[in-house]
Amino acid sequence: RPFIDKEHPSVQKALVKASTASRAASHGVGLGDDTIELINMRVSQINGCLTCLSLHAPRAREAGVTQQQLDVLPAWRDAMTVYSGVQRAALLIAESLTVIDTSQDRDAIVAQAAQHLSTEQIAAVEWTAVMINAFNRVSIASGHPALSQKG
């Protein structure tokens, strides 16, 4: 299978540029790298993206995500005291944009998230989820391997 990012590098470059803009928008509305990386990890878990998981786990730890938060991330809904309200709201939004379920009430999901996130933060979380979903699909389509960790 072709590595689609290598076959069409201008498209990959545009995706990276969009992702950089998304991260800047998140920072601009007060979202930290810890929340961004939790989104990246959870979406990559759902999508089963080996490459993105191997890339974002160390980035999450560098951003201050605890090992406990990483360990229980698939069960974040039950880990009431492990994540902040902002992180829980961000994970809710990110999951809703990763597993598209037409029976879900997106307005209700956004209203629930709005208890902890401003409108601008919700939009930034949605862009983060869109970006990592795109990168997951590039890596899955290409069959990218896990990244080796320096150590």
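Start by selecting Glu37 and Arg23: the two form a salt bridge, with their closest N and O atoms 2.7 Å apart. You are looking at a predicted model. The pair links distant parts of the chain. Glu37 sits in helix H3, Arg23 in helix H2, and 14 residues separate them.

Now check how much of each partner is covered. Glu37 has a relative accessible area of 2%, so Glu37 is buried. Arg23 is partly exposed, at 24%.

**More salt bridges**

How many salt bridges does the structure hold? There are 6. Side chains of opposite charge can pair when their charged atoms come close.

Select Arg77 and Glu95 next. Their side chains meet in a salt bridge, at 2.5 Å from N to O. This pair also links distant parts of the chain, 18 residues apart. Arg77 is in the loop between helix H5 (67-71) and H6, while Glu95 is in helix H6. Is Arg77 buried or partly exposed? Arg77 is partly exposed, because its relative accessible area is 42%.

Move to Arg106 and Glu126. Here the side chains form a salt bridge with an N to O distance of 2.6 Å. Arg106 lies in helix H7 and Glu126 in helix H8, so the bridge ties together parts 20 residues apart in sequence. Arg106 is partly exposed, with a relative accessible area of 27%.

Add Asp33 to your first selection. Salt bridges that share partners join Arg23, Asp33 and Glu37 into one network.

**Glu95 and its surroundings**

Go back to Glu95, in helix H6. Its relative accessibility is 10%, and the cut-off for buried is under 20%. So Glu95 counts as buried. Which residues does Glu95 contact, leaving aside neighbours within four places in sequence? Show Arg42, Ile46, Trp76 and Arg77. Arg77 is the salt-bridge partner you have already seen.

Try a distance too. Pick the C-alpha atoms of Glu95 and Gln112. They are separated by 13 Å, and the two residues are 17 apart along the chain.

**The nonpolar core**

Select Ile39, Leu73, Tyr83, Leu117 and Val125. Of the 34 residues in the largest nonpolar core, these touch the most other members. Colour the helices that each supply at least two core residues: H3 (33-47), H4 (50-62), H6 (85-98), H7 (106-113) and H8 (119-142). Which helix gives the largest share? H8 does, with 8 residues.

Zoom in on Leu73. Beyond its neighbours within four places in sequence, Leu73 contacts Leu38, Met41, Arg42, Gln45, Tyr83 and Leu91.

Follow the contact to Met41, which is in helix H3. Met41 has a relative accessibility of 6%, so Met41 counts as buried. With neighbours within four places again left aside, Met41 is in contact with Leu53, His56, Ala57, Ala60, Leu70 and Leu73. For a longer step along the chain, pick Val99. Met41 and Val99 are 58 residues apart in sequence, and their C-alpha atoms are 14 Å apart.

**Ser22 in helix H2**

Turn to helix H2 (residues 9-28) and select Ser22 there. Is Ser22 buried or exposed? Ser22 counts as buried, because its relative accessibility is 6%. Show Ala124, Trp127, Thr128 and Met131 around Ser22. Ser22 touches these four, not counting residues up to four places away in sequence.

**The largest pocket**

Switch on a surface for the last stop. Rolling a probe the size of a water molecule over the atoms shows where empty space is left. The largest pocket has a volume of about 520 Å³. To find its centre, select Ser19, Leu55, His56, Arg59 and Phe135. Of the 26 residues that line this pocket, these are the closest to its centre. You met His56 earlier, among the contacts of Met41.

Which helices each supply at least two residues of the lining? They are H1 (4-7), H2, H3, H4 and H8. H2 gives the most, with 7 residues. Now colour the lining by class. You will find 11 nonpolar, 11 polar and 4 charged residues.

Notes
Residues numbered from 1 in each chain as written. Predicted model: local features only at pLDDT ≥ 70, side-chain atom pairs only at ≥ 80, totals over all residues. Heavy atoms only, no water. Core = buried A, V, L, I, M, F, W, Y, C linked by side-chain atoms within 4.5 Å. Buried < 20%, exposed > 50% of the residue type's maximum accessible area, 1.4 Å probe, protein only. Helix = DSSP H or I, 4+ residues; strand = E, 2+ residues; numbered from the N terminus. Contact = heavy atoms within 4.5 Å. 1 Å grid on protein atoms, 1.4 Å probe; cavity = no way out; pocket = protein on both sides within 12 Å on 5 of 7 lines; lining within 4 Å. Points joined across faces, edges and corners; volume = space filled by probe spheres on them. Nonpolar A, V, L, I, M, F, W, Y, C, P; charged D, E, K, R; others polar. Salt bridge = Lys/Arg side-chain N within 4 Å of Asp/Glu carboxyl O.
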